[in-house]
Amino acid sequence: MLQIKDLRVDVDGKEILTGLSLDVKAGEVHAVMGPNGSGKSTLSYVLSGRDGYDVTGGSITYKGDSLVDLDPEDRAAQGIFLAFQYPLEIPGVGSMTFMRTALNAQRKARGENELDAASFMKLIRAKAKELNIDAEMLKRPLNVGFSGGEKKRNEVLQMALLEPTLAILDETDSGLDIDALKLVADGVNALRSPDRAMIVITHYQRLLNYIVPDYVHVLAGGKIVKSGDKSLALELEKSGYDAIVAEAA
Amino acid sequence: MPAVDETISEVKGLGEKYKYGFETQILSEKAPKGLDEDTIRFISAKKGEPDWMLDWRLDAYRRWLEMTEPKWAMVNYPEIDFQDAYYYAAPKSPEDAPQSLDEVDPELLKTYEKLGIPLKEQEMLAGVRNVAVDAVFDSVSVVTTFKEKLAEAGVIFCPISEAVHTHPELVKKYLGSVVPVTDNFYATLNSAVFSDGSFVYIPEGVRCPMELSTYFRINEQNTGQFERTLIIAEKGSYVSYLEGCTAPMRDENQLHAAVVELVALDDAEIKYSTVQNWYPGDAEGKGGIYNFVTKRGDCRGPNSKISWTQVETGSAVTWKYPSCILRGDNSVGEFYSIAITNNYQQADTGTKMVHLGKNTKSRIISKGISAGKAQNTYRGLVSIHPKAKAARNYTQCDSLLIGDKCGAHTVPYIESRDPSALVEHEATTSKLSEEQLFYCRQRGIGEEEAVTLLVNGFCKEVLQHLPMEFAVEAQKLVGISLEGSVG
C-alpha cells in the first residue's frame, strides 16, 4: 500500500529525514518510535502533504502512484488520514458541519454522491454510538473547549467517519490519562481491518500495550535504524533509545 | 514553491472572476453631466415633484456648496470630481411604469435572473415565500410586487418618489428628521439629488406580514447612486427590511451616497439587514464603487428597538456607520457587522450608539476580515448622555487577517457622562492560521472551501442575526469575496 524509499525531507532548509525507508501493507499496523527531534512528526506531515516539508530525494508511493506532488485534500480523498497530535480548534464551526463538509468534499473528489443532512446525521450518530461518544459533543464548535481526551476521541470519530485506507496517528497518546488512553485505543482497535493500514507514531511503549503493532521501527536522526516486532518496543522501554541507537550505528 | 505560483495566478485570475460583472443593455435618460441648480430642477421635474420637495432639494444643494468632504476616515482615494458625474438616469420610459412583470424590459429581468433573484418565481410563489421585492433598478423603481397583500395589513411599501405624491404629509414630517439635511457632506449631497429609494410605513400595532426586500443595482456608466430610504414604524409595530446589492463590472470609480432613515415609535421594532456587494475593483485596485453611506435609526419612543445587521463585502471604498439614537427610555440599539476587504479594498465602518433615554441598551458585534492588501477599520462611538441613567453597552470587535500585507484597525470612542452607565468593550485580532487551514485540507476540504468555512465560523455570531434567505447568500458571498486570498 505504502512504500517509502530513501526519503529525504527538508524543513526550512534543514534536512530532517535523511533517507527513510518503510514498507506498509494493507491490514498492517506499524509503530514508529523515536526520541524527540528524530523526525517523527515530519514523517506524518510529509505523508499528509503539509506545506513547508520539501521532498529533496527518494520517493513515496501510495497504491502504486507517487504522492509527492499531491495537495493535502487530494491525498485525503485517496484515503490518507492524519490523527493530529494537537487537533486544531475551529471556532464557530460546529463539529457536525465540519465533518459533513469534509466527508462530502472527499466523496465529491472521488466522484461519489454527496450525503444530504439527514443521511449524514444518521451516519455520524451511528459512528459516535459505536465509539461511545456523546452526541452532545457533536453540537459544539470543533475542538473548542474540548478536553485533551475529547479532542483525541473526536479525531478517532473523524477517522471512523472518513474510513481511510492509511491512518497515521501522531502521538495520539500525548496528554491522555490512562482511562482516556484506553478509550481512544479501543476506538482505534475497532477500526483495524484487513483493508486498512496504520502508522502509529509514539514516544512511549505504553500506547502499544493497547494498540498492538505488527511491526515496530525505531526512528533516529531522520531514518529508521532498527525494525522488529512488538518485543522491540519492550526492549526500548527497558534500555532506552540511546542504547538501541548506539547499537544500530 | 508551487503554492506561491498558484496564488499569483489565482490573484491574476480574480479580475475576470467577479461573479456579478455583467452589464445590462438598456437605453436610459440621463441628466446632463455635472451638478448645479438646473440639474436639481431637472431631477425634480422628471419626477413631477411638488414645489416643497424641490425647495428642500435646493436648500440642501446650497448648504452642500458650503461644505467640505470629510477626511478623517482611514481610506485613501483620488479626489472626486463632482462635476464629472451624472446625477440622474432612469430606465427608458419611466412615465408608463409597468403594471406587471410581463411589461418589464426583458433585459432587466435577465439581469435579475443572473443575480439569482427569481422575481417571476417569487410572484408565483407569493403566498409561500412571503418576500416582497421593490426592485430598484438604477434610479427609478420599476417593479413593485406584493403591494396588495401589504395593503391589506395597511403597510405602505413604495418608491419614495411615489410617496412624495401619495403620502406627502408623512414624507414632510419624517424626511430629514433622523439625518438632518446638513448632517454631513454626503448626506447633504444625497438630500439635493436623491434619485429614488424605498418608503415604508407600518401602522400602529401592525406586525408586517412579510420581510420587505429591496435589491439595488448600479447600472448606468458614471451614474452616482443616491438612494433615499425612509422607514417609519408606528407604535407597537414591527418590520424586517432586507437590502441587498450587487453591481456590474466597470472601470470608472462610481460614487454612491445613500441615506437611510429609520423611525421607531413607542414599543416598535425595526430590523434592517444589508448584504452589500458593490463592485470592489479589480485585483490591482482599479475601479470599484465608492460607497459613502449615512444610515441612522431613531428609537424615538420608549421600549423601541432598532437592529442593524450588515454584511459588507463589496465596494473599493466603504464609509458607513449605521447608528442608533436611543432617545426613548428602555430603547435598544443593535449593530451586527461583517466587513470583508480583499485586494485593495478599504473599509472604514462601524456604528454610533447615542444613549439619551433611561435604561437604554446597545450591543455592537463587529467582525472585520482583511485579506490581500486591504485595510479594514472599525470606528465606533458609544455616547452616554447625562440623562441616560443606567445605560448599558456591550461592544465586541474581532479582526481576522489573512496574509501579511493587509491591515486591521479598531478605533472605539467611548463618552460616558453618567456614572451609572456600564460600558464594556472587547477586541481581538487574529490571523487565519496555516495550521487550521492544513487541518481542514487534511480532512479533504479544498483550500478555498476551507477559508470559507473558517471565516464563516469567525462571523457566525453576526450571520445568525440575518434572516434565513440572506444568511445563505451571505455565506456564499464570504467565499466569493475571499477567492484567491490564500495559497
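## Asking why: a two-chain predicted model

Mentor: Let's start with chain A, which has eight helices and ten strands. Keep in mind that this is a predicted model.

Trainee: What makes the radius of gyration of chain A agree with that of a compact globule?

Mentor: A compact globule of 249 residues would come out near 18 Å, and chain A has 18 Å, so the two agree. If you want a feel for the outline, the C-alpha atoms of chain A fill a box of roughly 55 × 40 × 35 Å along the principal axes.

Trainee: And how much of chain A is buried?

Mentor: Buried residues make up 53% of its 249 residues. To be counted there, a residue needs a relative accessible area under 20%. The accessible surface of chain A is about 10800 Å², and carbon and sulfur atoms hold 48% of that.

Trainee: What about charges on chain A, how many are there of each sign?

Mentor: You'll find 29 positive and 36 negative side chains in chain A, with the centres of the two sets 4 Å apart.

Trainee: Over to chain B. Which elements does chain B have?

Mentor: Chain B has 14 helices and 23 strands. Of its 487 residues, 61% are buried, and its accessible surface comes to about 18200 Å², with 51% belonging to carbon and sulfur atoms.

Trainee: What share of the contacts in chain B comes from residues 24 or more positions apart?

Mentor: Among contacts with a separation of 6 or more, that share is 84% in chain B. For chain A, the matching figure is 69%.

Trainee: Now the rings. How many aromatic pairs does the structure hold?

Mentor: Over all chains, there are 24. One of them joins Trp319(B) and Tyr321(B).

Trainee: Why is the pair of Trp319(B) and Tyr321(B) called edge-to-face?

Mentor: Ring centres must lie within 6.5 Å to pair, and planes over 60 degrees apart count as edge-to-face. Here the centres are 5.5 Å apart and the planes make 80 degrees, so both conditions are met and the name fits. Trp319(B) and Tyr321(B) are both buried, too.

Trainee: Which residues do ring pairs link into a cluster with Trp319(B) and Tyr321(B)?

Mentor: Among them are Tyr61(B), Trp64(B), Trp72(B), Phe185(B) and Phe292(B).

Trainee: Let's try some loops. Why is Glu163(A) called partly exposed?

Mentor: Partly exposed runs between the 20% limit for buried and the 50% limit for exposed. Glu163(A) has 48% relative accessibility, so it counts as partly exposed. You'll see Glu163(A) in the loop between α5 (148–162) and β7 (166–170) of chain A. Its phi is near 45 degrees, a positive value in a residue other than glycine.

Trainee: What is the phi of Asn359(B) near?

Mentor: Near 55 degrees, again a positive value in a residue other than glycine. Asn359(B) lies in the loop between β18 (346–355) and β19 (361–370) of chain B. At 37% relative accessibility, Asn359(B) is partly exposed.

Trainee: And how do you know whether Asn343(B) is buried or exposed?

Mentor: Set its value against the cut-off: buried means under 20%. Asn343(B) has 14% relative accessibility, so it counts as buried. Asn343(B) is in the loop between β17 (332–341) and β18 of chain B.

Trainee: What separates the C-alpha atoms of Asn343(B) and Asp282(B)?

Mentor: In space, 7.8 Å, though Asn343(B) and Asp282(B) are 61 residues apart along the chain.

Notes. Residues are numbered from 1 along each chain as its sequence is written. Chains are lettered from A and ligands numbered from 1 in the order in which they are written. This is a predicted model: local features need pLDDT of at least 70, side-chain atom pairs count only at pLDDT 80 or more; totals for chains, interfaces and linings use all residues. Side-chain values use heavy atoms; hydrogens and water are left out. Helices (H or I, at least four residues) and strands (E, at least two) are DSSP runs, numbered from the N terminus. The radius of gyration is taken over C-alpha atoms; the globule rule is 2.2 Å times the number of residues to the power 0.38. Buried means under 20% relative accessible area, exposed over 50%, partly exposed in between (1.4 Å probe, protein chains only). Contact means heavy atoms within 4.5 Å. Accessible areas come from the Shrake-Rupley method with a 1.4 Å probe; for residues, only the protein chains shown count as cover. Lys and Arg count as positive and Asp and Glu as negative; His and the chain ends are not counted. The place of a charge is taken as NZ of Lys, CZ of Arg, CG of Asp or CD of Glu. Rings of Phe, Tyr and Trp (its six-membered ring) pair if their centres lie within 6.5 Å; planes under 30 degrees apart count as stacked, over 60 as edge-to-face and the rest as tilted.
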